[in-house]
Amino acid sequence: MTQTPVKLTFEQYLEYDDGTDNRYELCDGELIPVPSETDNNDWIAVWLMYKLAQFVNPRLVRCHTCELQVIGKTQNRFPDLVVRREEHLSRPDKRLTITLDMPPPQLVVEVVSPYKSQRDNNYKRDYIEKRQQYEQRGIWEYWIVDPQARVVMLLVLVNGSYQATEFTGNQQIISPTFPELKLTAEQVLEED
């Protein structure tokens with residue numbers, strides 16, 4: 001944990017610059033360094049970015065760099081992949097952050113980092129904490145890609161709560177936001 005002399009507000013956090021390329025999540029006013037990605041997790045996000053960019057303006061699709069302001073103890077997240085909306089492009093000189101006063105992105109994808117059990121922080125962060133925060137944020141479609149369990153879970157917001165569908169093997173992923181996307185779970189989980 002990076003020690004900050006005082007607890008930061010989210011606005012102060014947005015102005016914070018320690019002169020490095022480090023990324024931080026703001027948790028109860030303190031900066032928490034975001035760990036680096038595994039090669040496999042990074043590749044899955046990049047591969048999905050290329051696939052999605054065939055159907056939307058490529059400037060809307062971002063890997064690991066678009067930050068979301070969320071509600072909760074941790075006030076921001078850096079999803080593995082975000083598909084923004086056209087209106088998010090109106091702030092080209094500002095930090096790449098989708099704040100609470102902006103509409104939520106079209107799609108968020110998290111690739112679960114390796115975990116030992118369901119009590120592991122990596123598991124809880126993507127399956128529980130982020131799921132709750134993205135649901136509260138009104139993100140209509142959220143994917144949890146779990147290379148370890150070999151599953152792609154697609155969550156869609158229905159009446160304010162996520163409804164989950166799991167895809168494995170050669171099952172085609174059915175995305176309500178991107179129905180033209182023809183991918184199977186196995187293709188998404190490929191490591192090559």
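# A guided tour of a predicted 192-residue chain

With the whole chain in view, begin with its overall dimensions: a compact globule of 192 residues would have a radius of gyration near 16 Å, and the protein chain, at 16 Å, agrees with that expectation. The model is a predicted one, and every value quoted on this tour is computed from it. Aligned on its principal axes, the chain has C-alpha atoms that fill a box of roughly 50 × 40 × 35 Å. A cartoon representation will show four helices and 11 strands. If you colour by accessibility, buried residues account for 48% of the 192 residues, and a contact map restricted to pairs at least 6 apart in sequence would have 53% of its contacts joining residues at least 24 apart.

**First stop: helix H2**

Select residues 39–52, which form helix H2; this helix has 14 residues and spans 20 Å from its first C-alpha to its last, close to the 20 Å expected at 1.5 Å a residue. Which residues of H2 are buried? They are Asn40, Asn41, Ile44, Ala45, Val46, Trp47, Leu48, Met49 and Leu52. Keeping those side chains displayed, bring up the elements they pack against, namely strand S3 (61–63), strand S6 (81–83), strand S8 (107–111), S9 and H4.

**Second stop: the salt bridges**

Side chains of opposite charge can pair when their charged atoms come close. Across the whole structure a search finds seven salt bridges, and several of them can be visited in turn.

Select Lys7 and Glu30, whose closest N and O atoms are 3.4 Å apart in a salt bridge. This pair links distant parts of the chain, since Lys7 sits in the segment before helix H1 (10–15) while Glu30 belongs to strand S2 (residues 30–33), with their positions 23 residues apart in the numbering. Lys7 counts as exposed because its relative accessibility is 52%, over the 50% cut-off.

Move next to Lys130 and Asp126, a salt bridge in which the closest N and O atoms are 3.1 Å apart. Here the two partners both lie in helix H3 (residues 121–137), four residues apart, which is about one turn of the helix. An α-helix has 3.6 residues a turn, so residues three or four places apart point the same way. Are these partners buried or exposed? Both Lys130 and Asp126 are buried.

Then select Arg150 and Glu186, whose side chains meet in a salt bridge at 2.7 Å, N to O. Distant parts of the chain are again linked: Arg150 lies in the loop between strand S9 (141–146) and strand S10 (151–158), Glu186 lies in helix H4 (residues 185–189), and the two are 36 residues apart. Arg150 is partly exposed, with a relative accessible area of 29%, and Glu186 is likewise partly exposed, at 25%. To finish this stop, display Glu25, Arg77 and Glu129 together, as salt bridges that share partners join these three residues into one network.

**Third stop: Gln69 and Ser175**

Centre the view on Gln69, which is found in strand S4 (residues 67–69). Gln69 counts as buried because its relative accessibility is 12%, under the 20% cut-off. Follow its side chain to the backbone nitrogen of Leu100, which is reached at 3.0 Å. Expanding the selection to residues in contact, and leaving out those up to four places away in sequence, brings in Phe10, Gln75, Asn76, Ile98, Thr99, Leu100 and Arg137.

Now go to Ser175, in the loop between strand S11 (161–167) and H4. Ser175 is buried, with a relative accessible area of 3%. Which side chain makes a polar contact with the side chain of Ser175? The partner is Glu141, at 2.8 Å. Glu141 also appears among the contacts of Ser175 once neighbours within four places in sequence are set aside, together with Trp143 and Leu154.

**Last stop: the cysteines**

Finally, select the cysteines and display their sulfur atoms; the structure holds zero disulfides. For Cys66, which is in no disulfide, the nearest cysteine sulfur is that of Cys63, 11 Å away. Cys66 counts as buried, at 1% relative accessibility. Cys27 is buried as well, with a relative accessible area of 17%.

Methods. Residues are numbered from 1 along each chain as its sequence is written. This is a predicted model: local features need pLDDT of at least 70, side-chain atom pairs count only at pLDDT 80 or more; totals for chains, interfaces and linings use all residues. Side-chain values use heavy atoms; hydrogens and water are left out. A salt bridge is a side-chain nitrogen of Lys or Arg within 4 Å of a carboxyl oxygen of Asp or Glu. Buried means under 20% relative accessible area, exposed over 50%, partly exposed in between (1.4 Å probe, protein chains only). A polar contact is a pair of N or O atoms within 3.5 Å; within protein, one must be able to donate a hydrogen and the other to accept it, and residues adjacent in sequence count only if both atoms are side-chain atoms. Contact means heavy atoms within 4.5 Å. The expected span of a helix is 1.5 Å times one less than its number of residues. A disulfide is a pair of cysteine sulfur atoms within 2.5 Å. The radius of gyration is taken over C-alpha atoms; the globule rule is 2.2 Å times the number of residues to the power 0.38.
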